[in-house]
Amino acid sequence: PDTVECLSNLALCQLLAGRAHAGAETARRALALDPADAITRNVLRRCEDVAAGRRAAPASLAALERGG
């Protein structure tokens, strides 16, 4: 994928699959294309928080939307 939207969605899928480090890398690739994309910035922050152990990995998209 070579669009911000596709890369951001891939990063989110990686996060939900328990691959927070990969999700963060993918989100950074997306932000290289559009540094102002707020959704991708949020995805990156969540991936980094999970990867660093500051936050638990979300069990589902619904849990992620609830802030879990």
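**Figure 1. Ser8, a buried residue of helix α1 in this predicted model.** With a relative accessibility of 6%, Ser8 falls under the 20% limit and therefore counts as buried. Ser8 belongs to helix α1, which covers residues 4-16. If neighbours within four places in sequence are left aside, the contacts of Ser8 are Ala30, Ile39, Thr40 and Val43. Ser8 takes part in the meeting of α1 with α2, and Ser8 is also listed where α1 meets α3.

**Figure 2. The packing of helix α1 against helix α2.** The two helices pack at an angle of about 165°, and their axes are 8 Å apart. Because angles over 145 degrees count as roughly antiparallel, α1 is roughly antiparallel to α2. The crossing that α1 and α2 make is left-handed. On the α1 side, the residues in this contact are Val4, Leu7, Ser8, Leu10, Ala11, Gln14 and Leu15, and they meet Ala20, Ala22, Gly23, Thr26, Ala27, Arg29, Ala30 and Leu33 of α2. Sorted by class, the residues of this contact are 10 nonpolar, 4 polar and 1 charged.

**Figure 3. Ala22 and Arg29, two partly exposed residues of helix α2.** Ala22 lies in helix α2, and its relative accessibility of 21% is the reason why Ala22 counts as partly exposed. Between Ala22 and Ala11 there are 7.2 Å in space from C-alpha to C-alpha, although the two residues are 11 residues apart in sequence. Arg29 is likewise placed in helix α2, and with a relative accessibility of 46% Arg29 counts as partly exposed. The C-alpha atoms of Arg29 and Ser8 are 8.8 Å apart in space, while in sequence these residues are 21 residues apart. When neighbours within four places in sequence are left aside, Arg29 is in contact with Pro1 and Leu7.

**Figure 4. The packing of helix α2 against helix α3.** Helix α2 (residues 20-33) and helix α3 (residues 38-51) have axes 8 Å apart and pack at an angle of about 155°. These two helices are therefore roughly antiparallel to each other, and α2 passes α3 in a left-handed crossing. From α2 come Ala20, His21, Gly23, Ala24, Ala27, Arg28, Ala30 and Leu31, which meet Thr40, Arg41, Leu44, Cys47, Glu48, Val50 and Ala51 of α3. The contact of α2 with α3 consists, by class, of 9 nonpolar, 3 polar and 3 charged residues. Leu31, one of the α2 residues in this contact, touches Asp37, Thr40, Arg41 and Leu44 when residues up to four places away in sequence are not counted.

**Figure 5. The packing of helix α1 against helix α3.** Here the angle between the helices is about 25°, and the axes are 10 Å apart. Because angles under 35 degrees count as roughly parallel, this makes α1 roughly parallel to α3. As α1 passes α3, the crossing is left-handed. Val4, Ser8, Ala11, Leu12 and Leu15 are the α1 residues in this contact, and their partners in α3 are Ile39, Thr40, Val43, Arg46, Cys47 and Val50. By class, 8 nonpolar, 2 polar and 1 charged residues make up the contact of α1 with α3.

**Figure 6. The largest nonpolar core of the model.** This core has 11 residues, namely Ala11, Leu15, Ala20, Ala24, Ala27, Leu31, Val43, Leu44, Cys47, Val50 and Leu64. Helices α1, α2 and α3 each supply at least two residues of the core. Several core residues can be found again in the helix contacts shown above: Ala11 and Leu15 of α1 are among the residues that meet α2, and Leu44 and Cys47 of α3 are among those that meet α2.

**Figure 7. Ala52 and Arg55 in the loop between α3 and α4.** Ala52 has its place in the loop between α3 and α4, and at 47% relative accessibility Ala52 counts as partly exposed. The C-alpha atoms of Ala52 and Cys6 are separated by 24 Å, and the two residues are 46 residues apart along the chain. Arg55 is found in the loop between α3 and α4, where α4 covers residues 61-65. Arg55 is partly exposed, with a relative accessible area of 35%. Apart from neighbours within four places in sequence, Arg55 is in contact with Arg46, Asp49, Val50 and Gly67.

Note on methods. Residues numbered from 1 in each chain as written. Predicted model: local features only at pLDDT ≥ 70, side-chain atom pairs only at ≥ 80, totals over all residues. Heavy atoms only, no water. Axes fitted to C-alpha atoms, helices over the stretch in contact; angles between N-to-C directions. Helix = DSSP H or I, 4+ residues; strand = E, 2+ residues; numbered from the N terminus. Parallel < 35°, antiparallel > 145°, perpendicular 65-115°, else oblique. Left-handed = near helix turned anticlockwise from the far one by under 90°. Contact = heavy atoms within 4.5 Å. Nonpolar A, V, L, I, M, F, W, Y, C, P; charged D, E, K, R; others polar. Buried < 20%, exposed > 50% of the residue type's maximum accessible area, 1.4 Å probe, protein only. Core = buried A, V, L, I, M, F, W, Y, C linked by side-chain atoms within 4.5 Å.
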